[in-house]
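Notebook open, coffee ready. Here is what I looked up, one thing after another.

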Amino acid sequence: SKPIVAIVGRPNVGKSTLFNQIGKKRVSIVEDFPGVTRDRIYMDAEWLNHQFTMIDTGGIEIETTDDMLTSMRYQAKIAIEEADVIVFVVDGRSGITNADEAVAHILRTTKKPIVLAVNKVDSPNREMDVYEFYKLGLGEPIPISASNSLNLGDLLDGIVEAF
Ligand code: GDP
Ligand code: MG
């Protein structure tokens, strides 16, 4: 079966925008995890003849909590369990937040490959925004703009190289 790529990150960083930009079509409605209530979480994608399935973990809701950090920890754990490659999305405009740190803390416990995408770097002259994200301890940050489709090729190269 195809490799699974899970997209994780706090709300509003652009996970769904990225997911929709690189996804091709819906493949199923999620019902594999307890408390999952939304669809459009799995999508097929392809890059340079590599086919894979993406999960937008931000769409996974837990009915038992309204707490953002609890939800994010749960989503990160699903990513660690289910994915072959994890894409951690952060926001280059806001810089590192406590919620980013909380997710990074969990992601540092896995040996699975992690690709760090710094989104909302909407023009090349904003690329210096990425440097502080080295502090997350998850490798080289890749600047992207999901909404403007900038640098998604570099991100996808990093993803498929990790398969
Ligand atoms: P999610 O909560 O992580 O799934 O984030 P969304 O994909 O829903 O995006 C949150 C907001 O950020 C929306 O208003 C998007 O239009 C915006 N957004 C997403 N990607 C970019 C980007 O590359 N640049 C900018 N400037 N805004 C973006
Ligand atoms: Mg979303």
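In what order do the elements of the protein chain run from the N terminus on? I read off β-α-β-β-β-α-β-α-β-β-α. That comes to four helices and seven strands. I took helices (H or I, at least four residues) and strands (E, at least two) as DSSP runs, numbered from the N terminus.

A note to self: this is a predicted model, where local features need pLDDT of at least 70 and side-chain atom pairs count only at pLDDT 80 or more, while totals for chains, interfaces and linings use all residues. Residues are numbered from 1 along each chain as its sequence is written, and chains are lettered from A and ligands numbered from 1 in the order in which they are written.

Next I checked burial. Of the 163 residues in the protein chain, 38% are buried, meaning 20 or more other C-beta atoms lie within 10 Å of the residue's own, with C-beta atoms placed from the backbone; exposed is 12 or fewer, and partly exposed is in between.

Then I went for the largest nonpolar core (buried Ala, Val, Leu, Ile, Met, Phe, Trp, Tyr and Cys residues joined through C-beta atoms within 7 Å). It has 42 residues, and I86, V87, F88 and A117 touch the most other members. Strand β5 (residues 85–91) gives the largest share of this core, six residues.

I followed V87 further. Setting aside neighbours within four places in sequence, V87 is in contact with V5, A6, I7, V115, A117 and I159; contact needs C-beta atoms, placed from the backbone, within 7 Å.

Last stop: D157, in helix α4 (residues 152–161). Why do I call D157 partly exposed? Because D157 has 15 other C-beta atoms within 10 Å.

Key:
Contact = placed C-beta atoms within 7 Å.
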